[in-house]
Amino acid sequence: MRYLPLTEKDRTDMLAAVGVASVDDLFRDVPQAARLTAPISGLPNHQPEYEVDRHLSRLAAKNVSAGAAPFFLGAGAYRHHVPASVDQLLLRGEFLTSYTPYQPEVSQGTLQMLFEFQTQVCMLTGMDVANASMYDGSTACAEAVQMANRVTKRSRAVLSGNLHPHYRDTVVTTADLTGFELTALPPAPAGAEDLAKQLTPETSCVVVQNPDFFGRTQDLSMLAEACHAVGTLLVVVVTEVISLGALASPGSMGADIVVAEGQGIGNGLNFGGPYVGLFACKEKYMRQMPGRLCGQTKDAEGRRGFVLTLSAREQHIRREKATSNICTNSGLCALAFTMHLSLLGETGLRHLAALNHARACQLADKINAVAGCSVLNETFFNEFTVALPKAAAPLVDVWAKKPLLAGVPVSRLHPGQAGVENLLLVTVTELTTDADMDALIAALKEIAQ
Amino acid sequence: MTMNTHGRPTQPAAPTGHANTGEHRGMILEEPLIFERGTPGRIGVDLPPVPAHKSRLGSASRQGQIGLPDLAEPQVVRHFTRLSQKNYGIDSVFYPLGSCTMKHNPRLNEKMARLPGFADLHPLQPTATTQGALGLMHELAHWLMTLTGMAGVTLAPAAGAHGEFCGMAAIKAAIRARGEKRTRVLVPESAHGTNPATAAALGFTVDAIPATAEGRVDLDALKAKLGPDVAGIMLTNPNTCGLFERDIIAIADLIHGAGGYFYCDGANFNAIVGRVRPADLGVDCMHINLHKTFSTPHGGGGPGSGPVVFSKALAPFAPLPFVQKEGEACRLIESKADKAAGQSFGRMKAFHGQMGMFIRALSYILSHGADGLRQVANDAVLNANYILARLQDVMSAPFAGPCMHEALFDDRFLKDTGVTTLDIAKMLIDRGYHPMTMYFPLVVPGAFLIEPTETESRETLDGFIKTMRDLAQQAKAGTGNANANPFKQAPEHTPRRRLDETTAARQPILKWKPEAAPDYIASAAE
């Protein structure tokens, strides 16, 4: 077998060196009743590389990939161009096959990259400190609420109704199982939501997404002030990280904790994962953060170097008193993020964000010109909500056969919610072509007739 | 896997030998931070002009600079290539980190994960357009259930610790459904730190169970701790000492008899895959680290993936989403509004799990097959026992063998030598090996936890054994003048010498600030 270097002779010699007759003797501590004497039946045996390739390629070919159709989906996962060099560098074995940098002398590559990642996340979010990444945006969101509970010593959180429903559900599960109170407001596609009205002296945090689930951009400064007046933390969620190239940073609007889905930079769609969660906060809350942190220090010769630090917060030291049970981060996805953002730079990111917005404006204008269809949002970045003349989900299914991947029906993520059946989330990125837009407009015109 | 820092000196001794010349050392090149390399006017991506439009950004558009550096592609490629050269992976060196399972990462798996049909697929596309992806998830689920003998599986958790949370959440939900309140979880002293952290996060109180002199759960101590308030036990098997819990079926019976559930930390499933089905041990739920048993790359710390298998009793409480096969079609159950969701405790993450990791794991599983996976366990266990057998006369093993997939030593053999476990680890680096896991498990003083894995050749093991024997003998022979102790100076032949972790924690610098780079780095630019 191609991944197993031991020969039969090796095995025989090594068993002799160990002093046992057969490998079965090494498993003698397994209770007799639970010992399997042969490979598990009903499963195939080992296969050549080309057979595995063939099987998985067939499965892949059964999918309609985003690049194979006009494509307008977003809702927390965004299709952007990832430069070829990012994936090529990612495949370097020194990055791909290394472990968490516990031995800093031989892990400076990973550590310096994490330090750069943390710095980039601070710059984008306008925050003081950032960690070395989380699993994804949704789990980062749940961790942010728990952190706000720790910081404020309160246990009642408020979630905007326009928070991504999967993020909301992740926080709901966490609240249910770990024991804190939650007020999750209903979705407000038209944007009428008075979060400040929800504030009480018991509120630990308000969680609000920008741009929100329906695509609307907001100035959160007033909300931040209202929160701070009652000692509540403002948690800002960003699911489309490219938007930070065009919008005021959450930090500049007064956010206390910022969490984001970083997938849109450096990482493909990958059917939903793995992605990379960004987590940043004000400096005064640093020691309450979850997850890994990389810090700068010096080596024995006085040279700048990097180490994992402030681990006294973490489970391997604190055990049941840790800030979180998190053990891993999303290292390789964070690396992809940092490499892509390095290629973009200030100029490229702002250009890319402006391009996304401009192209989205073009499509919004075209949709508004179709009889029976209208864009709900007054403001947006690259994603907006379209009100269709009939239910969105069945239309999307029919269009998929063209193939046209027209967007995300709001009802898929808010099943059973009244008043959202006809709403479709539509996203435009730099990869959306004029021909793609024409295909969507043609489909919309067909239903209007 | 986790590593603790007990017993670690975190401030280095004064160096001897090298002066800080501030220059490249041969081809070990100094590399500035990316922020110290930027020059306005450069760009690493080409984009078309922004078309004329009326902005719809509203009142919250960005003012002022972000602060990111501008570079061209060749500079970025060189920067990250140089960083990679300060890193070491399983591709380049033997990396026997116990409990972490650093085994070969087949490149076929990377190729498969990059097929556009998987990589360029949106999670919220109509499921009619993602049948191949859902089919792959169903196929992986089938393998995991069959290999473990369990009744159900979820692929949702993003990592091992997330899987632990998932399993314990299912236990909590099941107890609640029984209308009971059980608040205590038993956790052996030798457990991974994530176990008590997980139990505590879910509101359970953690009750530690001591180990016997044989490194296993003390059955009498366990019996004494049982009661109507016990929700369950979190037990790693094979355990963190690299030993199989001989009494595991009795432990499961005791827990079940007391009305609790048995959570098995499956971090070490790689030692027994194909040889033991956890269902036959009485396990109620167990997470599987795909990066360990099924060799998805560790990537410098993630991303992971932590599917959890469930017994019949716990399967109904598994999280959302999951895939159900209906005839030839795969259906995705993704919301509590779907009747098929049943008693699910809900969603623990956006979308459908770590798809990229599922592809890699299934690629690995299909490559090995049922016969190969059993051979994986055989060879992993044989390699570890070979190391144990060949080193136990010069090092000190706390427990009698055989071990499972990792060989554990303590630091008794270093008594009165002035050399510590950490020093040996750092010397190993200078000899061309990544160190083993050290100071874990906590139940053993100065632990060395060595996990060779099945993908190492006998030649590699022999080379490592020779080096370890040399170092053990060198330490025992005495190191002469304490100031010139080579063990305290190691490593010397690395991109950096020992780093000052104490100052890093006391005065945290967690991001770059726009100030001059150290001279020796500035002069190294370009």
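Two residues are in contact here if their C-beta atoms, placed from the backbone, lie within 7 Å. With that in mind, and remembering that this is a predicted model, begin the tour by selecting the whole of chain B, where residues 24 or more positions apart account for 74% of the contacts with a separation of 6 or more.

**Chain B as a whole**

With chain B still selected and shown as a cartoon, you can look for its 15 helices and 12 strands. Its radius of gyration is 26 Å, close to the 24 Å that the globule rule gives for 526 residues, so chain B is as compact as a globular protein of that length. If you turn the C-alpha trace of chain B along its principal axes, it spans about 75 × 70 × 45 Å, and of its 526 residues 60% are buried.

**Where chain B touches chain A**

Next, display both chains together and select the residues in contact between them, which number 184 from chain B and 178 from chain A. On the side of chain B that touches chain A, the largest share comes from helix α10 (residues 355-391) of chain B, which supplies 22 residues. Colouring that same side of chain B by residue type will separate 91 nonpolar, 63 polar and 30 charged residues.

**A loop with two unusual backbone angles**

Now move to the loop of chain B between α1 (73-84) and α2 (107-113), and select Ser99(B), which is placed there. Ser99(B) is not a glycine, yet its phi is positive, at about 75 degrees; it counts as buried because it has 22 C-beta neighbours inside 10 Å, where 20 or more are required. Thr101(B) lies in the loop between α1 and α2 as well, and although Thr101(B) is not a glycine either, it has a positive phi of about 55 degrees. With 29 C-beta neighbours inside 10 Å, Thr101(B) also counts as buried.

**Two cis peptide bonds in chain B**

For the next stop, select Gly302(B) and Pro303(B) and look along the backbone between them, since the peptide bond from one to the other is cis, with omega near 0 degrees. Pro303(B) has its place in the loop between α9 (290-293) and β7 (308-310) of chain B. Then go on to Phe440(B) and Pro441(B), which are also joined by a cis peptide bond, with omega about 0 degrees. The loop that holds Pro441(B) runs between β11 (437-438) and β12 (448-450) of chain B.

**An open sheet in chain B**

From that loop, widen the selection to the open sheet of three strands in chain B, which has the order β10-β12-β11 and antiparallel pairing. β10 (407-409) and β11 of chain B stand at the edges with a single partner strand each, so one side of each is left without a neighbour in the sheet. Between β10(B) and β12(B), which run antiparallel, there are three bridges, and selecting Phe409(B) will lead you to Phe448(B), its bridge partner in β12(B).

**A hairpin in chain A**

Finally, turn to chain A and select strand β8 (residues 294-298), of whose five residues four are buried, so that this strand is largely enclosed by the rest of the structure. Five bridges join β8(A) to strand β9 (residues 304-308) of chain A, and the two run antiparallel; in this pairing Gly295(A) stands opposite Val307(A) in β9(A). Together β8(A) and β9(A) form a hairpin with five residues between them, and in its turn you can end the tour at Gly302(A), which has a positive phi of about 85 degrees.

Note on methods:
Residues numbered from 1 in each chain as written. Chains lettered and ligands numbered in written order. Predicted model: local features only at pLDDT ≥ 70, side-chain atom pairs only at ≥ 80, totals over all residues. Buried ≥ 20, exposed ≤ 12 C-beta atoms within 10 Å, placed from the backbone. Pairing = 2+ DSSP bridges. Nonpolar A, V, L, I, M, F, W, Y, C, P; charged D, E, K, R; others polar. Rg over C-alpha atoms; globule rule 2.2 N^0.38 Å.
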